[in-house]
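Me: I would like to learn how to read a protein model step by step, beginning with its strands and moving on to its charged pairs and its interior. Could you take me through one?

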Amino acid sequence: QVQLVESGGGLVQAGGSLRLSCEASGVTFSMYAMAWFRQAPGKERDFVSAISGSGVRTNYADSAKGRFIISRNNAKNTVYLQMNSLKPEDTAVYYCAAGQRGFQGYDYWGQGTQVTVSS
């Protein structure tokens, strides 16, 4: 049974930082691309960032470039999202996802972790 569990969300002031974690179980972790998405209230779920199974390739939404860093530790079955210079518009539920189709789609999703950035 595949399980993705996010952690690290919380309340932070604008300009602050948070690091999200997502631990996977039930998969051969290094064979999966991992991604972060987010969904703000009343909006669709949007892509934030992705990383290949080896960690060599990464991809970022324009909104995340220069502020967020995705990384992974395959020995710990964990993917991270370091978020810096946070803005109120980053407020959302953040989800991690796993897939084996490169960056083209994801098959497994976590339950999400809330990030709230106050102005």
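Reply: Gladly, and please keep in mind throughout that this is a predicted model. As a general idea, strands of a sheet pair through backbone hydrogen bonds, and they do so either parallel or antiparallel. Here, four strands make up an open sheet, arranged in the order β1-β3-β8-β7, with antiparallel pairing.

Me: Which strands stand at the edges of this sheet?

Reply: The edge positions belong to β1 (3–7) and β7 (68–73), and because each has a single partner strand, one side of each is left without a neighbour in the sheet. From one strand to the next, the twist averages 15°.

Me: How many bridges join β7 to β8, and which residues are partners?

Reply: Strand β8 covers residues 78–83, and six bridges join it to β7, the two running antiparallel. To follow the pairing residue by residue, begin at I70, whose bridge partner in β8 is L81, and then look at I69, whose partner there is Q82. These two strands form a hairpin with four residues between them, and in the turn you will find N77, which has a positive phi of about 55°.

Me: What lies on the other side of the pairing, where β3 comes in?

Reply: Strand β3, residues 18–25, pairs with β8 in the antiparallel sense over six bridges, and one of the pairs to look for is S21 with its bridge partner Y80 in β8.

Me: Is β8 largely enclosed or open, and why?

Reply: For a residue to count as buried, its relative accessible area must be under 20%. Five of the six residues of β8 are buried, and therefore the strand is largely enclosed by the rest of the structure.

Me: Let us turn to charged side chains. How many salt bridges does a search of the whole structure find?

Reply: The search finds four salt bridges. One of them joins D90 and R38, whose side chains meet at 2.9 Å, N to O. This pair links distant parts of the chain, since D90 sits in the loop between β8 and β9 (92–99) whereas R38 belongs to strand β4 (residues 33–39), and the two are 52 residues apart. Both D90 and R38 are buried.

Me: Which other residue has a side chain that meets D90 in a salt bridge?

Reply: That residue is R67, and the distance is 2.7 Å, N to O. R67 lies in the loop between β6 (58–60) and β7, 23 residues apart from D90. R67 counts as buried at 11% relative accessibility, and D90 is buried as well, with a relative accessible area of 0%. Salt bridges that share partners thus join R38, R67 and D90 into one network.

Me: Where can I see a salt bridge with an exposed residue?

Reply: Look at K65 and D62, which form a salt bridge whose closest N and O atoms are 3.2 Å apart; D62 is exposed, with a relative accessible area of 65%.

Me: Finally, which residues have the most contacts inside the largest nonpolar core?

Reply: That core has 27 residues, and those with the most contacts inside it are M34, W36, F68, V79, L81, M83 and Y94. The elements giving two or more residues to this core are β3, β4, β5 (45–51), β7, β8, β9 and β11 (113–118). If you select F68 and leave aside residues up to four places away in sequence, you will find that F68 touches, among others, V48, Y60, L81, M83 and Y94, and also R38 and D90. A second, separate core has six residues, including F37, A50, A97 and Y106.

Technical notes. Residues are numbered from 1 along each chain as its sequence is written. This is a predicted model: local features need pLDDT of at least 70, side-chain atom pairs count only at pLDDT 80 or more; totals for chains, interfaces and linings use all residues. Side-chain values use heavy atoms; hydrogens and water are left out. Two strands pair if DSSP finds at least two bridges between them. Axes are lines fitted to C-alpha atoms, for helices over the stretch in contact, and angles run from 0 to 180 degrees between N-to-C directions. Buried means under 20% relative accessible area, exposed over 50%, partly exposed in between (1.4 Å probe, protein chains only). A nonpolar core is a set of buried Ala, Val, Leu, Ile, Met, Phe, Trp, Tyr and Cys residues joined through side-chain atoms within 4.5 Å. Contact means heavy atoms within 4.5 Å.
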